[in-house]
Amino acid sequence: MSELTLTVMRLGFLAVLWLFVIVAVQVIRSDLFGTRVTQRPTPRRGGGEQRPQQRAPQQPAPSSRRARGGGRNTPTKLVVTEGSLTGTTVTLQGQVIGLGRAHDSTIVLDDDYASSKHAKIYQDRDGQWIVEDLGSTNGTYLDRTRLTQPTPIPPGAPIRIGKTVIELRK
């Protein structure tokens, strides 16, 4: 083997090794510092409630309304009661609500203890609201109990993700 071929192989190996080190450092950095979180505008004191995108609400048939939990005890909004987003309100319309640091989450949490895709809240076929931890590092808690499986949420029960507390309310 010629000296030139051996030198080129050594430099190629060195380049691959440095590429591996750079990628490893970027992964560790993203795990430690997370993704960049943009601040959403805080609601005014007088307004109080953030409005989701304007869509015409679909009215289910009266018979299916009971099946979907349209009774008086059904929560109608999700309220952040503690944390940096205190006072933020999301109207519940049967959609899946994503919680986490990712920019595409419904509620973007600016919390060091939240994962990018931390948890989700959704409505099941019986109209019951369910919270599910999505494999987060620090866990999701419902009334001081760490969630290990999808769990129904009683109205007013605190859902804790790091320093942020969320409740379902009427």
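**Stop 1: strand 6**

Start by selecting residues 129-133, which make up strand 6. Colour this strand by accessibility and you will find it mostly covered, with 4 of its 5 residues buried. Keep in mind as you go that this is a predicted model.

Which strands pair with strand 6? On one hand there is strand 5, residues 119-123, joined to strand 6 by 5 bridges and running antiparallel to it. On the other hand there is strand 9, residues 151-152, which pairs with strand 6 over 2 bridges, again in the antiparallel sense.

Now zoom in on Ile130, a good residue to centre the view on. Tyr122 has Ile130 as its bridge partner in strand 6, and Ile130 also stands opposite Pro152 in strand 9. Show Tyr122 and Ile130 together as sticks to see the pairing of strands 5 and 6, then add Pro152 to see the link to strand 9.

**Stop 2: the turn between strands 5 and 6**

Follow the chain through the hairpin that strand 5 and strand 6 form, with 5 residues between the two strands. Pick out Gly127 in this turn and check its backbone: phi is positive, at about 90 degrees.

**Stop 3: the rest of this sheet**

Next, select strand 3, residues 97-100, which pairs with strand 5 over 3 bridges in the antiparallel sense. Label Ile97 and Ile121 here, since Ile121 in strand 5 is the bridge partner of Ile97.

Zoom out, and the sheet can be read in full: it is open, has 5 strands in the order 4-3-5-6-9, and its pairing is mixed. Strand 4 (107-108) and strand 9 are at the edges; each has a single partner strand, so one side of each has no neighbour in the sheet.

**Stop 4: the other sheet**

Move on to strand 1, residues 77-82. Strand 1 pairs with strand 2 over 3 bridges, antiparallel, and it is joined to strand 11, residues 164-169, by 5 bridges, also antiparallel. Two residue pairs are worth labelling here. Leu78 has Val90 as its bridge partner in strand 2, while Glu82 has Val165 as its bridge partner in strand 11.

The hairpin of strand 1 and strand 2 has 6 residues between the strands, and Gly83 there takes a positive phi near 110 degrees.

What is the strand order of this sheet? Step across it and you will read 2-1-11-10-7-8, an open sheet of 6 strands with antiparallel pairing. Its edges are strand 2 (89-91) and strand 8 (145-146), and because each has a single partner strand, one side of each is left without a neighbour in the sheet.

**Stop 5: the loop between strands 7 and 8**

Stay at the strand 8 edge and select strand 7, residues 141-142, which 2 bridges join to strand 8 in an antiparallel arrangement. Leu142 stands opposite Thr145 in strand 8.

Asp143 and Arg144 lie in the loop between these strands. What sign does phi take at each? Asp143 has a positive phi near 50 degrees although it is not glycine, and Arg144, likewise a residue other than glycine, has a positive phi near 70 degrees. Switch to an accessibility colouring to tell them apart: Asp143 is partly exposed, at 44% relative accessible area, whereas Arg144 is exposed, at 85%.

**Stop 6: helix 1**

Now jump to residues 3-33, helix 1. Draw a distance from its first C-alpha to its last: these 31 residues reach 45 Å, close to the 45 Å expected at 1.5 Å a residue. Buried or hardly covered? Helix 1 is hardly covered, with 0 buried residues among its 31.

Select Leu11, Phe13, Leu14, Leu17, Trp18, Phe20, Val21, Ile22 and Val25, and show their surface: they make a nonpolar patch of about 950 Å². Phe20, one of these residues, is in helix 1, and at 59% relative accessibility it counts as exposed.

**Last stop: the whole chain**

Reset the view. The protein chain has 2 helices and 11 strands, and from the N terminus on both helices come ahead of the strands. Of its 170 residues, 29% count as buried. The accessible surface comes to about 12,200 Å², of which 55% belongs to carbon and sulfur atoms. For a contact map, note that among contacts between residues at least 6 apart in sequence, 44% join residues at least 24 apart.

Key: Residues numbered from 1 in each chain as written. Predicted model: local features only at pLDDT ≥ 70, side-chain atom pairs only at ≥ 80, totals over all residues. Heavy atoms only, no water. Pairing = 2+ DSSP bridges. Buried < 20%, exposed > 50% of the residue type's maximum accessible area, 1.4 Å probe, protein only. Contact = heavy atoms within 4.5 Å. Areas by Shrake-Rupley, 256 points an atom, 1.4 Å probe, with all protein chains shown as cover. Expected span 1.5 Å × (residues − 1). Patch = residues over 30% accessible without salt bridge, like charges linked within 9 Å, V, L, I, M, F, W, Y side chains within 5 Å. Salt bridge = Lys/Arg side-chain N within 4 Å of Asp/Glu carboxyl O.
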